[in-house]
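Hello,

Here is the structure I said I would pass on. My notes follow below it.

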Amino acid sequence: MAEMTTKKNRFQNGKWKNYISYIVIIIFLAILIIINLTKGLGFSDKSTLPRIAFSCILAVSLNLVVGFLGELSLGHAGFMCVGAYLGCYTANVLRTSGNIPELVTIILSMLVAGVVAAVFGFIIGLPALRLKGDYLAIATLAFGEIVRCIFKNLPFFGGAMGMSTKLYDGNTLFIIAFITLLFVVFCCQNLINSKHGRAVVAIRDNEIAAKAMGINVTYYKLLIFMVAAFFAGMAGVLYGATIGTIRQETFSYNYSIEILVMVVLGGMGSINGSLIAAAVITWLNITLQSQLSGALAPVKSIVYALILIIIVVFSNAPAMKGFRESINPRNWRKKTEDAGKIKNDAAAWDRIPTKIRMDDPLSVDTRTTYADSPVPPDVVVKNRDELYVKEETGKEEE
Amino acid sequence: MAEYLLETQDLGISFGGLKAVQHANIKIKKGQIYGMVGPNGAGKTTIFNMLTGVYLPTTGTFFLDGEELKGKTQEQINHKGIARTFQNIRLFSNMSVIRNVMVGLHNQPQYKCSFLTSTFRLPKHFRVEREMREHAREILRVFGLEEERNALACNLPYGQQRKLEIARALATNPKLILLDEPAAGMNPQETADLVRIVKKIRDEFDLTVLLIEHDMKFVSTICEELTVLNFGTVLIQGDTETCLNDPEVIKAYIGG
């Protein structure tokens, strides 16, 4: 019985939201695997799916910084760039050094990429996180561009031509990408729903109070920055394995903004929202690119921008918000409960003989006494006593 | 063990040419409820800010339990045992009531748990979370806020928000708690309740309380000793009755 109630409470608290993303990703992945085994996915799908997965990873990790920590970072593509170059370089080295299985190679290179990106996050975060708001945004923006320019000018990494790496087998790459995404979502959600996540949200809500409560603000800012950089680095390796050639111009300022757009559209501080928004925007981007080619290519950006504007305007329209509220199953129950409660309350209040009737304040009913009136169920007892005392003294004065 | 829990020596700060506080020598014994009163702009909150590390005093220093705390950061001072509330309420308004208190419990040694432990959901994480929740509920019970524990902090009535702020400060397990106008904006009923609560936490949690307040009735009921400030300098110090009847104090407050 007790077990039952805790389970019910868990759902009432909205914790089901934490599990729904895992379930959706796993079902989606299972369907894709089944399709791939029976009919075989098209070539374009095989490259689209990992791209959706690493966009989701980028959006979720940036949401840690922007949504939960509340700091604006515009250099997320920079961390991805570091991860892509160093991770894929590691993969190339591993491939030449012996016959290590491809799966081990990509996992190892993702780890290396994550760690290197996190180190970069530390180096950048230490001075930059002293800045606030717009200034931090500019500092991170500059970081992203600096990283890009450094890789552009290092012959070691292919210079302006880009660095080539081995394409991963399309039949399994999307599985690896989605499993990595599951891992990232797992880590982010667990981190946020723990005492550390509480401290981070406390810093966002009120930094002064968080400091006064003894929360080590610098530590948590750096931690979140580094964790986000780690995951961005991992996404970089997936990018390399999907595209084959890493070009520094991909990681420009535009790409950072695009990730930020995903986070903002999905909702700050909502991991599920980031996942949906990242998937939709990436899919939209790729589809537009393939549909509007040749002479129509310049139209692509316009269409893309227009769709974004429409999404933003409509998702914030009051009518749309009302619609979303109304289709949320949790609100259905609440609404019926509220309606029932109001009805009960009204009935209860009607049963109390009152001196003044609310519909006609001037009518003073002097015949009823208060001694034996029924108690409405929702009136708190201590208030009731107070009420009666007051009323009785009033009567004495009459 | 020092004779006084908090001792300030010639504490002072100036902002440019403005000498906000000068020569403040405050000595608070362990277990006392100590009041700090004075007209607006007298430097009361500035002293609080110096004691909690927000401002660095330009002259003088202060000791908690014989340990010099001047120059430490806000976090370090909190760890050493000074917690505070704010004049304008600073709750984590988008968090539930119980989570606010759990943030206060964050640094207690028994709830130590690295971020990797939490991320990978090791058994320790669940134990720590459960114990923190229990502990937070106990603290809320003292303040009569247990029923509201799942409400958002910003949805509480004003008086309860004040109480929650004290609860959150208490959760950091301080030796000395600084209350900045705890009764501001409260009705007489709530103020009476607050008097009871402040005395109760002092006794139960072995605390020393330093508070700023303008409600003289509240001050005279609860404070054992007072420091009266005016224009950044100490006007008079001593037991409450003497201070409040002093002609200088009456002059500073009412004018004349």
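Notes on the model

Of the 398 residues of chain A, 35% count as buried, meaning that 20 or more other C-beta atoms, placed from the backbone, lie within 10 Å of the residue's own (12 or fewer is exposed, in between is partly exposed). This is a predicted model, in which local features need pLDDT of at least 70 and side-chain atom pairs count only at pLDDT 80 or more, while totals for chains, interfaces and linings use all residues. Residues are numbered from 1 along each chain as its sequence is written, with chains lettered from A and ligands numbered from 1 in the order in which they are written.

Chain A has 16 helices and four strands, taken as DSSP runs numbered from the N terminus (helices: H or I, at least four residues; strands: E, at least two). Among its contacts (C-beta atoms within 7 Å) with a separation of 6 or more, 76% are between residues 24 or more positions apart.

Where chains A and B touch, 21 residues come from chain A and 29 residues from chain B. On the chain A side, α7 (170–192), α8 (195–205) and α9 (207–212) each give two or more residues. The most come from α8(A), with seven residues. That side has 11 nonpolar, six polar and four charged residues (nonpolar: Ala, Val, Leu, Ile, Met, Phe, Trp, Tyr, Cys and Pro; charged: Asp, Glu, Lys and Arg; polar: the others, Gly among them).

In chain B, helix α1 (residues 44–51) is largely enclosed by the rest of the structure, because seven of its eight residues are buried. Those buried in α1(B) are B:K44, B:T46, B:I47, B:F48, B:N49, B:M50 and B:L51. Just after α1(B), B:G53 has a positive phi of about 85°.

Regards

Notes:
Two residues are in contact if their C-beta atoms, placed from the backbone, lie within 7 Å.
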